[in-house]
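Work through the following exercises with the structure open beside the text. Each one sets a task and then gives the solution in steps.

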Amino acid sequence: MEAPPSPRKAIPPFNIPVDSDNKATQFHPFSLSSPHMLAFHLSWLSLFSCFFSTFSIPPLIPIIREDLKLSQADIGAAGIASFLGSIFSRLAMGPVCDMVGPRIASVTLSLLTAPIILATSLVSSPNSFILIRFLVGFSLANFVANQFWMSSMFSGCVVGLANGVSAGWANMGTGLAQFVMPLIFTAISYFNVPLFTAWRLAFIVPSMFQVLTAILVLIYGQDLPSGNYKDFKKARKNSKGEDDNFLYVLFNGLKNYRGWILALTYGYSFGVELTIDNIIAQYFYDRFNVNLQVAGTIAASFGLANWFSRPMGGVVSDTMGRKFGMRGRLWGLWVVQTAAGFLCVLLGRVNSLWSSIVVLCVFSVFVQAASGLTFGVVPFVSKRSLGVISGMTGSGGTVGAVVTQTLFFSGSEYSKQTSISLMGLMMIVCTLPLSLIYFPQWGGMFCAPSSDPDSAELQYLLLQ
């Protein structure tokens, strides 16, 4: 169901109850006990810094577009580019985590992309701006390491909650960036720094923050309850060689149809969330004529809802799983994401500022909870290729963002409000394939488990 069990060796007693694989069976988010909860805090903080960096650009676009003479097509292309970078890096990050562990994978990516966000201050043309957004988007692959790490540390009974809280708190980086970057820009310009210089200096903050969190993960992080991934690799050295082969791990995950369906579903929960993060500040700035700080504050409310909404999705998934098994997890995901789709349609139809803010806040809760519910199912799809399945699903999120940004927000064919409503309709339609997911052991939305438990177990393992 989850990441490979930890290698068996002498292990110090833990401060939290664990299962036979030394994975925590309880989740204490305000504890720093090592290694489980310390890994949790390092993981979400590292991903938080990557979200902060990636979405530090959109709230300043009203100023950047004046300096670089960006057209609406340039801004749309830059938004698409930021998601394209994330697609390929997320897909690659899955097998990398399977091979070297989440800690090294996360640190390496953060340190490689931090200089790129700093280089935003050097852009001088629309093309260089688009290139920077493409490269900065690579940092979002840290999400795959985040989810892999949580699935390696927490048992199945709480893994949905752990995944939801870790990713939810990290996603608040988008909201904080929307709120803080205009303030940093304003503070710098207060000292008589020219506006077109002030926005460039503001990007020192996210780049340094990302480097700091990477160093903390490197020094204090631990891949597994019993040690780091290199120890696990040594302990597994005498097992079948195919398990250690990069291509075997990769194709073992890619051939699992459940991963593709979850990727599609995630494309229209998290993918929609990314699209909203990219366009919502400019939407309120242009449509309701609010100033830059107010637009940023409204946009921040959407991202900051992740503090409780995505974790709530994990809680719902685990609760439904305990009561109704896998069928409960799948039905919970379908209901919440479909409701989010209807709210997205409504968001594009309301015409007043305050009505739009209220609908945006309610919509944020449902769409972010749907993301948490998706990753309440992911750890159960494949044991051997958990990283690949996580990468496929995570990449699906950014593919969905690219598709919606390209179709609806990269030209003038539709107004932004119409585009938002059409995006909601796509959410509703693309959630329907969840009904096709079936686990021989646990069943599906409309199908019971196999009547022969031994046969179901064998069939499930063969599909892994």
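**Exercise 1. The nonpolar cores**

Find which members of the largest nonpolar core of this predicted model touch the most other members.

Solution. The largest nonpolar core has 98 residues, and those touching the most other members are Phe40, Ile64 and Phe154. Helix H7, residues 159-190, gives this core its largest share, 12 residues. Next, take one of the three: with residues up to four places away in sequence not counted, Ile64 touches Ile57, Lys69, Leu70, Phe129, Trp199 and Phe203. Another core, of 31 residues, lies apart from this one; Ala281, Phe284, Ile298 and Val350 are among its members.

**Exercise 2. A residue of helix H7**

Determine whether alanine 162 is buried or exposed, and list what it contacts beyond its sequence neighbours.

Solution. First place the residue: alanine 162 is in helix H7. Its relative accessibility is 0%, under the 20% cut-off, so alanine 162 counts as buried. Leaving aside neighbours within four places in sequence, alanine 162 is in contact with Phe27, Phe40, Met150 and Phe154. Of these, Phe40 and Phe154 are also among the residues that touch the most other members of the largest core. For a distance across the chain, take glycine 328, which is 166 residues from alanine 162 in sequence; their C-alpha atoms are separated by 18 Å.

**Exercise 3. Helix lengths and cover**

Check the end-to-end spans of helices H1, H17 and H19 against 1.5 Å a residue.

Solution. The expected span is 1.5 Å times one less than the number of residues.

- H1, residues 36-54, has 19 residues and should span 27 Å; the end C-alpha atoms are 27 Å apart, so the two agree. In H1, 17 of the 19 residues are buried, so the helix is mostly covered.
- H17 has 25 residues and an expected span of 36 Å; its end C-alpha atoms lie 37 Å apart, which agrees. H17 is also mostly covered, with 18 of 25 residues buried.
- H19, residues 416-430, has 15 residues and should span 21 Å, which agrees with the 21 Å between its end C-alpha atoms.

Now look at the cover of H19. Its buried residues include Ser419, Ile420, Met423, Gly424, Met427 and Cys430. Helices H12 (257-267), H13 (270-287), H16 (326-347), H17 (353-377) and H18 (386-408) are among the elements that cover the buried residues of H19.

**Exercise 4. Cysteines**

How many disulfides does the whole structure contain?

Solution. A search of the whole structure finds zero. Take cysteine 50 as a case: the nearest cysteine sulfur belongs to cysteine 97 and is 12 Å away, so with a cut-off of 2.5 Å cysteine 50 is in no disulfide. Cysteine 50 counts as buried because its relative accessibility is 0%. Cysteine 157, with a relative accessible area of 34%, is partly exposed.

**Exercise 5. The whole chain**

Decide how the radius of gyration of the chain compares with the globule rule.

Solution. Start with the contents: the chain has 20 helices and two strands. Its radius of gyration is 22 Å, close to the 23 Å given by the globule rule for 464 residues, so the chain is as compact as a globular protein of that length. The C-alpha trace spans about 65 × 45 × 40 Å along its principal axes. Of the 464 residues, 60% count as buried. The exposed area is about 17,100 Å², with 69% of it supplied by carbon and sulfur atoms. Finally, of the contacts between residues at least 6 apart in sequence, 80% join residues at least 24 apart.

Key: Residues numbered from 1 in each chain as written. Predicted model: local features only at pLDDT ≥ 70, side-chain atom pairs only at ≥ 80, totals over all residues. Heavy atoms only, no water. Core = buried A, V, L, I, M, F, W, Y, C linked by side-chain atoms within 4.5 Å. Buried < 20%, exposed > 50% of the residue type's maximum accessible area, 1.4 Å probe, protein only. Helix = DSSP H or I, 4+ residues; strand = E, 2+ residues; numbered from the N terminus. Contact = heavy atoms within 4.5 Å. Rg over C-alpha atoms; globule rule 2.2 N^0.38 Å. Areas by Shrake-Rupley, 256 points an atom, 1.4 Å probe, with all protein chains shown as cover.
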